[in-house]
Amino acid sequence: MSPNLQDIPASAAVPTEREMVRISHVTKRFSLRHDHSLKELVFSALQRKKLADTFLALDDVDLTVHAGETVGLIGFNGSGKSTLLKTISGVLFPDRGRVLVRGKVAGLIEVGAGFHPDLSGRENVYLNGAILGMTREQIDEKFDEIVAFSEIEEFIDTDVKYYSSGMFLRLAFAVAVHTEPDIFLVDEILSVGDEPFQRKCLERIRKLQEQGRTMVVVSHELEMLEKLCTRIVVLERGTVIFDGDPTEAIRTLRAT
């Protein structure tokens with residue numbers, strides 16, 4: 001996990017100067033593990049060009065997210081959005097630089113992440129809740145509310161390997177938002193599921209905003225982000241090319 005600065009209660013309903021996430025000159029590179037074809041090897045040799053064996057996902061990214069902010073991350077595929085979100089969550093560690101977070105972090109980075117396929121929905125609520133920092137007593141107290149929010153009551157004792165991706169989403173989102181995180185991370189999760197549940201998710205996110213929670217959201221739904229975010233960061237090939245007003249950020253992306 002990324003190191004915590006200190007635990008604090010989230011109380012502000014509007015952005016403040018208190019830092020919740022500090023991304024300090026973060027660089028992340030991945031190895032490209034694949035077998036090149038004979039044709040590729042010959043072609044690269046003739047061109048005297050070495051085939052790339054690494055990919056620079058983040059290049060000296062430096063950002064601060066303040067308490068009460070909802071920050072969107074946008075960019076074309078391969079720009080580094082999801083990689084940056086995963087470094088904030090602690091799923092990935094930077095090769096250079098560091099990420100500091102303040103308070104409890106809950107994330108929806110991948111649908112069904114943290115769920116065990118051979119356990120029931122009920123068992124996975126307890127497992128995932130524990131992973132996200134909840135005690136058994138807290139999960140007991142919120143269990144019925146979590147299940148009701150997910151709208152999969154009749155399947156809660158079914159093994160999750162039989163769930164559809166939409167059912168995974170409902171349960172994962174329900175658990176995450178009921179952990180009462182100080183920092184909430186969301187990666188394209190609202191693009192899955194039917195429209196009524198998307199509206200329900202957005203309503204819940206609005207409530208978290210009103211409570212002063214800090215959020216970082218990745219999505220290709222630009223109109224939604226423009227309405228939801230207080231600020232948007234545009235990434236291109238692992239670097240920040242814009243950080244500021246949501247409308248201007250979307251205009252910048254479309255101009256690239």
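## Helix H4 against helix H6

In this predicted model, helix H4 (residues 136-150) packs with H6 at an angle of about 135 degrees, the two axes lying 11 Å apart. That angle makes H4 oblique to H6, since the roughly antiparallel class begins only over 145 degrees. On the H4 side the contact is made by Glu-145, Ala-148 and Phe-149, and on the H6 side by Phe-197, Lys-200 and Arg-204. Sorted by class, the residues of this contact comprise 3 nonpolar and 3 charged, with no polar residue.

## Helix H5 against helix H6

Helix H6 (residues 195-210) also packs with helix H5 (residues 165-177), here at an angle of about 10 degrees and with the axes 12 Å apart. H5 and H6 are therefore roughly parallel to each other, angles under 35 degrees being counted in that class. From H5, the contact draws on Leu-169, Arg-170, Phe-173 and Val-177, while H6 contributes Phe-197, Cys-201, Arg-204, Ile-205 and Leu-208. These residues divide into 7 nonpolar and 2 charged, again with no polar member.

Phe-197 and Arg-204 of H6 are named in the contact with H4 and also in the contact with H5.

## Helix H3 and the buried Asn-124

Helix H3 spans residues 121-131 and includes Asn-124. Buried positions in this helix are Gly-121, Asn-124, Val-125, Tyr-126, Asn-128 and Gly-129, and the buried residues of H3 pack against H4 and H5. Just after H3, Gly-133 takes a positive phi of about 95 degrees.

Asn-124 counts as buried because its relative accessibility is 0%. Its side chain reaches the backbone nitrogen of His-116 at 2.7 Å. When neighbours within four places in sequence are left aside, the contacts of Asn-124 are with Gly-114, Phe-115, His-116, Leu-119, Gly-129 and Val-160, so that His-116 appears both as a contact and as the residue whose backbone nitrogen the Asn-124 side chain reaches.

## Ala-57, Ser-79 and their surroundings

Ala-57 lies in strand S2 (residues 54-66) and is buried, with a relative accessible area of 1%. Although Thr-83 is 26 residues away from Ala-57 along the chain, their C-alpha atoms are separated by 7.0 Å. Apart from neighbours within four places in sequence, Ala-57 is in contact with Lys-28, Arg-29, Phe-30, Ser-79, Gly-80, Thr-83 and Gly-238.

Ser-79, one of these partners, is found in the loop between strand S3 (70-74) and helix H2 (81-89). Despite its place in a loop, Ser-79 is buried, with a relative accessible area of 3%. The side chain of Ser-79 reaches the backbone oxygen of Phe-76 at 2.8 Å. With neighbours within four places in sequence again set aside, Ser-79 contacts Ala-57, Leu-235, Glu-236, Arg-237 and Gly-238. Gly-238 is thus listed among the contacts of Ala-57 and among those of Ser-79.

## Positive phi outside glycine

Most residues other than glycine have a negative phi. Glu-151, which is not a glycine, nevertheless has a positive phi of about 65 degrees. Glu-151 lies in the loop between H4 and H5 and, at 43% relative accessibility, counts as partly exposed.

Arg-237 is likewise a residue other than glycine with a positive phi, in this case near 50 degrees. It sits in the loop between strand S8 (231-236) and strand S9 (239-244), where it counts as exposed, its relative accessibility being 72%. This exposed residue is nonetheless among the contacts of Ser-79, which is itself buried.

## The whole chain and its confidence

The protein has 8 helices and 9 strands, and of its 256 residues 49% count as buried. Among contacts with a separation of 6 or more, residues 24 or more positions apart account for 73%.

The average pLDDT is 85, and 82% of the residues score at least 70. Over residues 1-13, however, the pLDDT is below 50, although this stretch has 35 contacts in the model beyond near neighbours in sequence. Where pLDDT is low, the predicted coordinates should not be read in detail.

Note on methods
Residues numbered from 1 in each chain as written. Predicted model: local features only at pLDDT ≥ 70, side-chain atom pairs only at ≥ 80, totals over all residues. Heavy atoms only, no water. Axes fitted to C-alpha atoms, helices over the stretch in contact; angles between N-to-C directions. Helix = DSSP H or I, 4+ residues; strand = E, 2+ residues; numbered from the N terminus. Parallel < 35°, antiparallel > 145°, perpendicular 65-115°, else oblique. Contact = heavy atoms within 4.5 Å. Nonpolar A, V, L, I, M, F, W, Y, C, P; charged D, E, K, R; others polar. Buried < 20%, exposed > 50% of the residue type's maximum accessible area, 1.4 Å probe, protein only. Polar contact = N/O pair within 3.5 Å; in protein donor to acceptor, adjacent residues only side chain to side chain. pLDDT = per-residue confidence, 0-100.
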